[in-house]
Structures are given as C-alpha cells and as structure tokens.
Number of protein chains: 2
Amino acid sequence: SARSFRGPVAVVLPAGGCGERMGLSTPKQFCKLLDRPLISYTIHAFERIKWIEAVIVVVAEQHVELMKSIIQKYNHEKTQWCVGGLTRHRSIFNGLSVFVDDKFMECHLTKPKVVIIHDAVRPFVNEDILLKIATAANDHGAAGAIRPLVSTVIATNSEHFLDHSLERSKYRASEMPQAFLFDTIYKAYQKCTEYDFEYGTECLHLVLSYCNTQAKLIEGPPTLWKVTYKQDLFAAESLIKETLSQNVCVITDVDQEALQLGHCLKKMLMTQHMDVEVISAEYGKKKLCIPHVSSQESYNIIIIGNTELQEKQEVIDVIANSSMTLLYPMVLILVYISLPESTPFSKKLDEPSAIRRLAKEAKHRNILVYGLLVNYTKDSEELNESLENMCFISKSLMKDRNSALTGQLLVV
Amino acid sequence: SARSFRGPVAVVLPAGGCGERMGLSTPKQFCKLLDRPLISYTIHAFERIKWIEAVIVVVAEQHVELMKSIIQKYNHEKTQWCVGGLTRHRSIFNGLSVFVDDKFMECHLTKPKVVIIHDAVRPFVNEDILLKIATAANDHGAAGAIRPLVSTVIATNSEHFLDHSLERSKYRASEMPQAFLFDTIYKAYQKCTEYDFEYGTECLHLVLSYCNTQAKLIEGPPTLWKVTYKQDLFAAESLIKETLSQNVCVITDVDQEALQLGHCLKKMLMTQHMDVEVISAEYGKKKLCIPHVSSQESYNIIIIGNTELQEKQEVIDVIANSSMTLLYPMVLILVYISLPESTPFSKKLDEPSAIRRLAKEAKHRNILVYGLLVNYTKDSEELNESLENMCFISKSLMKDRNSALTGQLLVV
Ligand SMILES: [Mg+2]
Ligand SMILES: [Mg+2]
C-alpha cells in the first residue's frame, strides 16, 4: 500500500522568522507570489494531501491577525495557528504542544502518531518525499531529508584563515521536511536544555541526544529548496507560473473559422509542450464547459469566436462563482476573428473599450482577461504567420499572468 | 588607493561542465538569459573592470566553436579560450598554463602576478568582492570567498542514519571567486597528485597542502550564488530584468500635452523607485538625445508625442548603430496622445499596422518597440486613471522585456 503505517499525521510549520536575511520589510513567508503569500502555497502543499489531517502554523505575536486572515481568505480548512517563541526550537515546541496542552482543547485536535516538521518557506514539497519521510519516521522514530552539499564546507581559524576543508562526499546538507513519532520529539523537547532551546538548530540532533533515536536520512529532490533571498522569490514565482502554464482549455464557436483556429492553436501550443484540450460550444453554451475545465485543474481558457461580450461575461461569472480563482489567477484570452469581407473589427469602436471594462471588473475577481484579434486572410502564408504569432502571444500571456495588460486588445 | 597591489590580474573561468545536474540538454553556462548565454554575463562582469587584463575561459572540446562565436558576437575583447580537461582541476590547470606554456605564445598574454578563479555560472560577482579577494591573495598568497551555511551539515553512517551534525557557527561554505599569487597556485598544480586532479574540488586545499599557503577567507555577498538548477536560471533572468528596469529616459515633443505627460510619468515612475530623466526635443531632434541616453547606461526609452513614424525610425537607427543593444535588448515605448477634439487615433487605420512593421524590423536589431495610446481627456479624474495605467503598463513592459508583445498598440 502507498501508506505503510496507521494513525493520523499532522504538520508543524514554524513561521516565526522576521526575514532579516532578505533585507525586506515583509518576512519572506508573507511575501506575495502572484498576489498570494508564500506561506499559503506551503500550507496548500500539505492540505491537498489526503492523509495529512492537521497543519499548525506557528507565528510571531505581531503576525497573528495576518495569519488568521490568510487562513480565512484562502480557505485553509485543515490549518490552525499558534503563537511562537523567540527561537525556532521554542516555536516548534509550541506547535507540538497544541496537540497535548489543555489550553488548546477547543481545537479538537487528536494527538498524531507521526508529526512532520517543515519550513514555511519551502513551498514546493511534494507528496512523494512526505510519504517517504513519514513512513521512515514511523519505522525508526525520526527521519529527515538530505541533499548533496552544493559548496565545499570549510573550517576557519580565529583569524579568518582556512583551517581545513571537509571531504564533500562524507557530508550532506540537512534539509526539511523532517518527521518524528510524536511522543519521541515531544519527549526530546521536554528533556532538552535552555541552551538547546536558544542555540540549537537541528531537531534530528535533539532526538539523538535525548531519546537515543538515530534519524533515517532520505535523499530529497532539488525542489525542497528554501526561499531565503530576493532571487529565490523571483525563482519561486517563475516556477509557479511555469506550472500554471502547462495546460489550457480552448473553447471555440461552432463556425468554420473558429474551429480551424482552435485546431491550429492546439497543434502549435502542443509543440510548445502544452497540454491542450479543444471543446466546441454553441452560442450561450460555453459557460457549461467551465465545470469540466475546473475538473482538469486548468488555469487557462482561450475562447475563440466573435460572439457577444454577454456570453463571455457569463463565462466569467461561472468561473468567479467556482472555487477556481481562490488560489491562482485565471487567464482568459478572448480571440476575435477579423474576416476580410466583413466590417473591420477595428472600426467597431465600442468593442475594445467594452473589453477593457469587462476585464477591469474581472480582475477584481482574480480573472485576467486579454483580447486577441486575428486577421483572418485567405493568403495561407500570411495566415500562418498570424497564427504563429497568436500562439506565441497566447503562450506568453499564460506564462506571464501580467495584470498590467488585462483588457488590452492585441492584434496578430 | 582602491588598489593596494601592482601587476596585472587575470581570470580563469572553468566552464567545462555538462549540466547534468540541471537535467537540461544545454550545459547551464550556455543557457540563454534574455537571449544571451549565461557565460557572456559572467565574462562581462570581469571585462568591465579596468584592472582585469585578461579572461581565459576553459571549455570542453565540443563547445569550442560555440565559445568562439560567443566571444565574437558579444565583442569580448579581453577574453580567450582554451580546451579543458576531464575534471575541474585539470581544466583550471589548463587555463593557468595558457600564461606560461609556449604553445600559447601567439596569445601574447603576460603572466599575471595574481590570478582570480571563478565559476562561469556565477554571473553577479561585483568589483568590490573581486578587489578584496585579489588584494588578499596578493598579501597572503591565496584568498577565497565564504558564505554562512544555509543548512546544517551532517555526517551519515553507512546505513543512511544520522551520525552527527556539525556546529553550524564553526563552518562556512567555500564559494567563488578565489584568487592566488600565480606562481603559488601553478606550483601547487605542478606538485599535486593524480588523485587530487581526479577527485579534488577545492583549490584552497591544494595551496595549503603543497605550498603551505593558508588562504585568507572573506565573507562575500549573497549575489555570489551559483546557477545550479532550473529555478536559478529563472532567478538570474529576473534579477537581470530588475536591474535593467531601474532607469529610463523619457523624450517628449515640445507641445503642451506631451510635456505634461512626461512630467506626470516622471513623478509616477519615481514612486516606483525608478530613476527617470525627461528631455524635450523638437521634431527631428530626438535622435540627437540617444548618445546621452547611452552615456546614462539606460536600456529604456519612452518617446511621447504624435510625430510621424519616420522620426521614430531615425531614433531606432541611431540606437541600432550604437553599441547599446550588444549586451541587452533595449525597450522603446512610443506614447501617442489621443485628444478628444481631433480624429480618434483608432480611426487612423494605417498607424497600428505601421507600428507593427517598424517593431518587427527593430526586434531583429534587439530593440523591443511597443505602442501606447493615451486618451487625453479634460476630466482630471479620468485622466489621472489613464496616467496611472500608463505608468503601470510602461513599468511592466520595461520589467518583462517580452518579445511576444512588440508592435502592439496598448490603450490606456
Ligand atoms: Mg523558518
Ligand atoms: Mg563549473
């Protein structure tokens, strides 16, 4: 079975840091990626796993209100908060105490058999490594993720000269997550000294010292990396955007040009390594496709066809009333087709400003709407260039999720 | 004096790696950021420093042609290449040999007193740390940059259980750059064993073992970080884009609306922490401002005014014929003003497609051209919203340098 042990698993996330290393005014766990605080991504990484039953976030007193509002806004149903101590170890101990201390009885939390400890600033942890760590903790009492050392580790003498360098192959970096039998780590904290609470950094070391429990070490993936510096925030946002731009649902009108455009776009986006699904729907029925889009966990929709904005507004309403936009901004690209024999679209002066108004309102509902006008010509070479351009622009809009450009009508 | 030692300083950049850690087909030093290979950024970080006299890039046999084309395309005048060995140490030794081996005599390189060794994949190294390291090497024979450990370092036993953890405060991560008296590091390589060449990682260790030279260790900034994983490429590109979007030159027409728009834009962009310079120039004279823009090292130009495209084309020609676009893509935003009493700009059907044509041609010259149409109304609240939007969009265009959107006419 995928899970080789019984009993509930809980998570403690120390998030009491003040971000001094970043040189930012906001502690890094509260910095926003795509307008959502980093810590919410980490919480969601745990909440989406069925066998995780509770997440305790440990925050500094001055961040309690902020944390409560995050839990509420992003509907983090498995998550509770408690106030941390002055050091990382005190904060973790406070987090563990929630499960056993009478004063938290109103939380109705069952003491877990295994507890995972993770950093609030490592949002990309996945189920695979969590299951390995939790299982190993169940079997051995303690377990932790390790990674190869990226740099040589050296010892310095007191005058800042090299004393010796460590042989890299014999050492590892100790990362997060770690997991423990709850009773083991709790006992270690009950027994440990004030010095440990003040200066210790390594939970694995505490269970070794005070419970004689040797932690099992498990090689983790590079995605366990920790958001520490400003560049890491950039990297995290780019990774999230990349993940969000991997699949798209294209909903087309049923007329010939719309169907052809949908077909071409699918072919081209697939060469860009995207998963593309094309659905055709008559006027008024496009909104019926949204529950399917939602079930595909796609955060990108392209609607192809010149039908009235009213229909697009209905789609936006269905999206906004689903839970799709709770965690990520949705990209909605409205593709219009300008046929040579009809009135040039650019002369319909109302349309561009109507798109701007609709997009402005949709942005407040976390839906990023962009217009895209394709000049449909019979010249196949020209048409092909337009379509390639359409693919290039669409891909870039889905990748960037740039809120400054919503409501624009782009032309290819 | 800023430089406390005499004699030329050279740099050896081992770049022989194959990028297996990234899981990418292209080795990371050749991955492109804003369409330029990472290694060119690192080379430029050295070439721009006056007291660096030569850079030797050490590449694998199969990358020689690529490296030669990079040196030529980006005009890296202080840089030469040589072929590396199978390990990092062999590659560095080959790089050093260029200065003493007869077979490289045609390079006309003077043997330096001090040599800096750096990684091709740490492009953000700055003059301050290089000067400290080179000076310390001159004084002590060897010096290297160190950083605090990000993770606890642990030793494992043979069954993958925790043996012990190191006390973090006593150890440091050894990073790059490092510097040496040339004769010292060269002697160390001449004396070292085959085992060192195969399995060693640390140059500081070699000079300690074979020349009894204790390296001075110097705390470096976080920007010394190494591009190792895919997320690091994202981070590096974002940092470069952030740096490029810190200053802008605004060139306005001399009419009242253009001057007012320029003034407002300056005020608003400054609240976004940008350095903004506004210059006014009559018709036909905007191109004369470009040498000044170039001297400011600004990679962003906003031209405000409805003058003919011919004038903008002349500006593009001057930019393209300067060396400004050699290293970074230039952003050029053309701001048009739509006055309520005149013909709506959107009815001038030729203009948008003319902008698209001009932008398409400019993109081949590494200039990213975007159009921005401001609806200038007398209603001050509406106008203010337009201007805020203009600022928001301009800032985002300068930040993103998105080549998919060039030639678009955006409306605020
Ligand atoms: Mg933390
Ligand atoms: Mg390397």
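Biologist: By what turn and what shift along the axis can chain B be laid on chain A?

Modeller: Keep in mind that this is a predicted model. Laying chain B on chain A leaves an RMSD of 0.1 Å. That is the relation of a two-fold axis. The operation is a turn of 180 degrees with a shift of 0.0 Å along the axis.

Biologist: Which residue of chain B has the C-alpha nearest that axis?

Modeller: We're still on the axis of the 180 degree turn that relates chain B to chain A. The C-alpha in question sits 2.2 Å from the axis, and it belongs to Ala235(B).

Biologist: Why can we say the copies meet through the same surface?

Modeller: Check the interface residues of chain B against those of chain A. The copies meet through the same surface because the share of chain B interface residues that are also interface residues in chain A is 100%.

Biologist: How far apart are the C-alpha centres of the two domains of chain A?

Modeller: The domain assignment splits chain A into domain 1 (9-240) and domain 2 (245-411). These two do touch, with 8 residues of domain 1 of chain A in contact with 5 residues of domain 2 of chain A. Their C-alpha centres lie apart by 41 Å.

Biologist: Are α5(A) and α7(A) roughly parallel or roughly perpendicular?

Modeller: Helix α5 of chain A covers residues 182-191 and helix α7 of chain A covers 203-211, and their axes come within 9 Å. The crossing angle is roughly 75 degrees. Since 65 to 115 degrees is the perpendicular range, α5(A) and α7(A) come out as roughly perpendicular.

Biologist: How many nonpolar residues does the contact of α5(A) with α7(A) have?

Modeller: On the α5(A) side you've got Thr184(A), Ile185(A), Lys187(A), Ala188(A), Tyr189(A) and Lys191(A). Across from them, α7(A) brings Cys203(A), Leu206(A), Val207(A), Tyr210(A) and Cys211(A). By class there is 1 polar residue and there are 2 charged ones, while the nonpolar count is 8.

Biologist: Which strands stand at the edges of the open sheet in chain A?

Modeller: The 6 strands of this sheet run in the order β13-β12-β14-β15-β16-β17 with parallel pairing. An edge strand here has a single partner, so one side of it is left without a neighbour in the sheet. In chain A that describes β13 (275-280) and β17 (409-411).

Biologist: What residue in β13(A) stands opposite Asn247(A)?

Modeller: Strand β12 of chain A takes in residues 247-252 and runs parallel to β13(A), with 6 bridges joining them. Opposite Asn247(A), the residue in β13(A) is Asp275(A).

Biologist: What angle does the direction of helix α11 of chain A make with that of β15(A)?

Modeller: Helix α11 (residues 309-321) packs on the sheet of chain A. The strands touched are β14 (300-304), β15 (330-338) and β16 (367-375). Against the direction of β15(A), the helix makes about 165 degrees.

Biologist: Over in chain B, what is the average twist of the sheet from one strand to the next?

Modeller: Chain B has an open sheet of 6 strands in the order β13-β12-β14-β15-β16-β17, paired in parallel. Its edge strands, β13 and β17 of chain B, each pair on one side only. From one strand to the next, the twist averages 20 degrees.

Biologist: Which residue of β13(B) is the bridge partner of Cys249(B)?

Modeller: Strand β12 of chain B (residues 247-252) is joined to β13(B) by 6 bridges, and the two run parallel. For Cys249(B), the partner in β13(B) is Glu277(B).

Biologist: At what angle to β16(B) does helix α13 of chain B run?

Modeller: Helix α13 spans residues 380-400 of chain B. It lies across β12, β14, β15, β16 and β17 of chain B. Relative to β16(B), helix α13 runs at about 170 degrees.

Terms used: Residues are numbered from 1 along each chain as its sequence is written. Chains are lettered from A and ligands numbered from 1 in the order in which they are written. This is a predicted model: local features need pLDDT of at least 70, side-chain atom pairs count only at pLDDT 80 or more; totals for chains, interfaces and linings use all residues. Side-chain values use heavy atoms; hydrogens and water are left out. Axes are lines fitted to C-alpha atoms, for helices over the stretch in contact, and angles run from 0 to 180 degrees between N-to-C directions. Helices (H or I, at least four residues) and strands (E, at least two) are DSSP runs, numbered from the N terminus. Angles under 35 degrees count as roughly parallel, over 145 as roughly antiparallel, 65 to 115 as roughly perpendicular and the rest as oblique. Contact means heavy atoms within 4.5 Å. Ala, Val, Leu, Ile, Met, Phe, Trp, Tyr, Cys and Pro count as nonpolar, Asp, Glu, Lys and Arg as charged, and the others, Gly among them, as polar. Copies are superposed by least squares on the C-alpha atoms of residues with pLDDT of at least 70 in both. Two strands pair if DSSP finds at least two bridges between them. Domain bounds come from an automatic or database domain assignment.
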